[in-house]
Amino acid sequence: MTDAFSTCQKNVLLAKSPSTQIEGVFAATTGRLVPEEQEALLQQWLKEEAENLPASESVPAARKVSVTLSSAWLEGSELLMTSLSDLNTSPEVTQCADQQLSELNTLASSELQDHAVAELARLPAEETVTVAGSAPWAAVVPQTDHQTAGCAGINVEVLNDDPAVLAWSLACDVETVPPVLPGQPIQDAVPFYPVPTELPYHEILWRDWEDLSVQPCVLEQVSKNTSLFEFRVMSYNILAQDLVEQGLDLYVHCHPDILNWNYRLPNLLQEIQHWDPDVLCLQEVQENHYWEQLEPTFKEMGFACFYKRRTGTKTDGCAVCYKHSRFQLISLSPVEYFRPGLDVLNRDNVGLVLLLQPVLPEELGLKAVSPLCVANTHVLFNPRRGDIKLAQVALLLAEIDKIARTTEGSYYPVILCGDLNSVPDSPLYKFIRNGELSYHGMPAWKVVSGQENFSQQLYPRKLQAPLWPSSLGVTDKCQYVALCQPKKLGRREYSRDFLLQFRFCDVACERPPQLVLLEGVTDAKPVASAREHSAVTAVLKRHNSLSFLGKQCSGVIQHGLNLTSVYSHFLPHRGRPEVTTMPMGLGATVDYIFYSAEPVEDKAGECSSRRLYKDGALKLLGRLSLLSEDVLLMANGLPNPFCSSDHLCLLASFGLEISSL
């Protein structure tokens, strides 16, 4: 109270008295002020004000202040008084606050209060706006005059804490109030603050359901006689509580209460229950929370649950849950990316791959539907180690290839969910979607470009071929060596130049035993020079190594799953990119739902690195829209009181074709 009053009286004296006199007075009042000193300062100002008044105006008596208030200024005063009234009636107000208000009443004149009340009674009733999570406030109609602008510049939060500012603002001239500059916009990693808004959180963060089943391209692929097995899939990084407590610097913009697990858990469960998915893929699931709270709750909701904790000392992992009334489990395969002794696979991330059989209603009779492969993973975060991320994704795709492959060599429909810690324009994303990536010589950070840019590094880590050794047992086509189909035997044609490379090899220099010996014809043994012998040896070594590595020696990896993304990663109606997370106030897309589709040939004949797809047996019917960065900023980013994770959930609706037996 005393500090606030000292600040106010200094501002008043600076505006009304010579500078030399002010500095002396203020220097003498830097300590605690007693009421007599406060009264003396006000009387000094009143005396100086009286000297400047015209002769026709009268000077107010001692301890009496009379000010004529304009309508615009009274509107601002009414808002401030409302704030003080809320403070006075709040149960959290302490005895110290009561003492401050009593001092304010001593300073304020009874004549001033009667005059202000009379003026306020003549004003039209204001509109009351309720802000989510706060008390009602009086809405002030924006004005363009200087007085209102000065009033709007006053920090209401400061007024709530220091009521002496109100007495000063009512006593001094409006034009002496210096305008307060607006706060600077959010910059990079600077902690950000909530934007004042009249809308509650659930209206700011409203997400529309996009029905894609009515689009012409989908209607053409689904005939009138074709029925679909419809289901919903959700992917959600729910933010492990241990990770919150280990990285509190990432959540300085959040009130501590909303980071509490007892607050976040009901919000997360309510959100999942509201969207009612049939398949649920979760990341950052803390182990003790899963076994003690999440799994029992999900079982009550009709889910069958499977969990895989990260290796090492990590306490979180991935979970896949499905409704046992809609699916039956065919096979389950946990995936651990850690491989001892391999630098490219030395992290503790994990994944889960399930093969599910949809359960059809009994009334459909002799009908059948294809099994569905569902994969869930959380890839390494480190932006500098794109080589590790690429190897982890390749290992997951090899596991999917094993689980989803049919006896005919084709694949069951696949849905891949997870937090890949890679943005949509990164080479890692393009590899998953386009099925091929040439990585040799690529900087490791570029594989996940968009998280951070390390192009200024003097010696950046570059990817070398092969990315992983042959001992891993995974080919350059992201398939396990033991499961690769043998090549079909057929006639092989070799060029003359290729065969001449082996004319001095050991086999070529040996005389076949069944060859008829003819002197001067078949009795001669070819003799190669040392240079030719070394060249042949090099060719043979290269040929033997290429027989396994194939294209990997050239730094090219492939997969044949034909995956495309549920989301387009752009909001056309807003002209902004979609975001799924907001670390340090910067929006990014790192969470995905990929699904199987059929490639489409480019009829235009243009060479494009982006593969085109159309829906096949698995059809995308709808999705829950994402939000843009500016919308999340209005809600103070993530997490917030409405969304209890630092990621948004992803939700999509699919349909599997039902065929006759």
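The following exchange discusses confidence, sheet order and helix packing in a predicted model.

Colleague: What average pLDDT does the protein chain have, and which residues stay under 50 in the stretch with 107 contacts?

Modeller: The chain of this predicted model averages a pLDDT of 75, and 60% of the residues score at least 70. A further stretch, residues 545-552, has pLDDT below 50 and 18 contacts beyond near neighbours in sequence. Where pLDDT is low, the predicted coordinates should not be read in detail. The stretch with 107 contacts beyond four places in sequence, where pLDDT stays under 50, is residues 119-197.

Colleague: Which strands are the edge strands of the six-stranded open sheet?

Modeller: The pairing in this sheet is mixed, and the order is β8-β9-β11-β12-β18-β15. Neighbouring strands are turned by 20° against each other on average, direction ignored. An edge strand pairs on one side only, which here applies to β8 (327-336) and β15 (563-565).

Colleague: How do β9 and β11 run, and which residue of β11 stands opposite L356?

Modeller: Strand β9 covers residues 350-358 and strand β11 residues 372-378. Six bridges join the two strands, which run antiparallel. The residue in β11 that stands opposite L356 is L372.

Colleague: At about what angle does helix α16 run to β15?

Modeller: Two helices may be described here. Helix α15 (residues 386-404) lies across β8, β9, β11, β12 and β15, running at about 150° to β8. Helix α16 (residues 427-434) lies across β12, β15 and β18, and its angle to β15 is about 125°.

Colleague: Are α15 and α16 roughly parallel or roughly antiparallel to each other?

Modeller: Their axes come within 10 Å and cross at roughly 20°. The contact is made by K389, L390, V393 and L397 of α15 with L428, F431 and I432 of α16; by class, these are six nonpolar, no polar and one charged residues. The crossing is right-handed. Angles under 35 degrees count as roughly parallel, and α15 and α16 are therefore roughly parallel.

Colleague: How many nonpolar, polar and charged residues does the contact of α13 with α14 have?

Modeller: The axes of α13 (residues 261-275) and α14 (residues 287-300) come within 12 Å and cross at roughly 30°, which makes the two helices roughly parallel. Their crossing is right-handed. W261, L265, L269 and I272 of α13 meet H289, Q293, L294, T297 and F298 of α14. By class, the contact has six nonpolar, three polar and no charged residues.

How values were computed: Residues numbered from 1 in each chain as written. Predicted model: local features only at pLDDT ≥ 70, side-chain atom pairs only at ≥ 80, totals over all residues. Heavy atoms only, no water. pLDDT = per-residue confidence, 0-100. Contact = heavy atoms within 4.5 Å. Pairing = 2+ DSSP bridges. Helix = DSSP H or I, 4+ residues; strand = E, 2+ residues; numbered from the N terminus. Axes fitted to C-alpha atoms, helices over the stretch in contact; angles between N-to-C directions. Parallel < 35°, antiparallel > 145°, perpendicular 65-115°, else oblique. Left-handed = near helix turned anticlockwise from the far one by under 90°. Nonpolar A, V, L, I, M, F, W, Y, C, P; charged D, E, K, R; others polar.
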